[in-house]
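Subject: Structure handover

Hello,

Here is the structure for your files. My notes on it follow below.

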Amino acid sequence: MQPLVQSTNDVPNGPLTLRVYPGGNCRGTLYQDDGTTFAYERGGFRRMEFSCAQDGDQLMLHVGRRRDLRGKSVFGPSSQIMKACVRRVGIGPPSS
C-alpha cells in the first residue's frame, strides 16, 4: 500500500507499506516500474520477493534482492521508504 496519488507522475507522500499476514503461505512479490514508459519490456523494473516464518512469538521477515526481467540482481538504491505492518489474523483486537 502507498499513499494516494492522482497520477503516475506524482510521488507518494509517505512510505510504501507492506502488510504481512503470518501463516503457512506468508510470501509475496512487489513489482515496480516507472509507470509511464515501456522500459519494463527491456528490464526497466524492480521485483522483490518477500517471505516470513514464524517461530513461537517471533516473526522473521525475509526481503529478497531486487531483480530485473532477466532475474539479475539490481542493487541500485530504492527511492521509497518501506515499512512492514504485521497483521494479526484470527485474533481479536488488542486489549487496552
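A residue counts as buried under 20% relative accessible area, as exposed over 50%, and as partly exposed in between. Tyr40, at 32% relative accessibility, is therefore partly exposed. Please keep in mind throughout that this is a predicted model.

Overall picture

The protein chain has seven strands and zero helices, so the pattern along the sequence reads β-β-β-β-β-β-β. It has 96 residues, of which 19% count as buried. The accessible surface of the protein chain comes to about 7500 Å², and carbon and sulfur atoms supply 52% of that area. Taking contacts between residues at least 6 apart in sequence, 43% join residues at least 24 apart.

The disulfide

How many disulfides does a search of the whole structure find? The search finds one. Cys26 and Cys52 form the disulfide, with their sulfur atoms 1.7 Å apart. The cut-off for a disulfide is 2.5 Å between cysteine sulfur atoms, so the pair at 1.7 Å qualifies. The pair links distant parts of the chain, 26 residues apart: Cys26 sits in the loop between strand 1 and strand 2, and Cys52 in strand 3, which covers residues 45-55. The torsion about the S-S bond is about 120°, so the disulfide is right-handed. Cys26 and Cys52 are both buried.

Aromatic pairs

The count of aromatic pairs comes to two. In one of them, the rings of Tyr31 and Phe45 have their centres 5.1 Å apart and their planes at 35°, so this pair is tilted. It joins distant parts of the chain, since Tyr31 is in strand 2 and Phe45 in strand 3, 14 residues apart. Are the two residues buried or exposed? Tyr31 is partly exposed, because its relative accessible area is 36%, while Phe45 counts as buried because its relative accessibility is 8%.

Phe38 and Tyr40 form an aromatic pair that is also tilted, with 6.2 Å from centre to centre and 45° between the planes. Planes under 30 degrees apart would count as stacked and over 60 as edge-to-face, so 45° falls to the tilted class. Phe38 is exposed, because its relative accessible area is 56%. Tyr40, as noted above, is partly exposed at 32%.

Surface patch

Three of these aromatic residues recur on the surface: Tyr31, Phe38 and Tyr40 form a nonpolar patch there. Together they have about 310 Å² of accessible area. Patch residues need over 30% relative accessible area, so Tyr40 at 32% meets that requirement. Tyr31 belongs to strand 2, which runs over residues 27-33.

Around Leu18

Leu18 lies in strand 1, residues 16-20. With a relative accessible area of 22%, Leu18 is partly exposed, because the limit for buried is under 20%. Which residues does Leu18 touch, not counting those up to four places away in sequence? They are Phe50, Leu61, Lys83, Ala84 and Cys85. Of these, Cys85 is partly exposed, because its relative accessibility is 26%. The C-alpha atoms of Leu18 and Met1 are separated by 6.5 Å, and the two residues are 17 residues apart along the chain.

Regards

Definitions and conventions. Residues numbered from 1 in each chain as written. Predicted model: local features only at pLDDT ≥ 70, side-chain atom pairs only at ≥ 80, totals over all residues. Heavy atoms only, no water. Helix = DSSP H or I, 4+ residues; strand = E, 2+ residues; numbered from the N terminus. Buried < 20%, exposed > 50% of the residue type's maximum accessible area, 1.4 Å probe, protein only. Contact = heavy atoms within 4.5 Å. Patch = residues over 30% accessible without salt bridge, like charges linked within 9 Å, V, L, I, M, F, W, Y side chains within 5 Å. Areas by Shrake-Rupley, 256 points an atom, 1.4 Å probe, with all protein chains shown as cover. Salt bridge = Lys/Arg side-chain N within 4 Å of Asp/Glu carboxyl O. Phe/Tyr/Trp six-rings, centres within 6.5 Å; stacked < 30°, edge-to-face > 60°.
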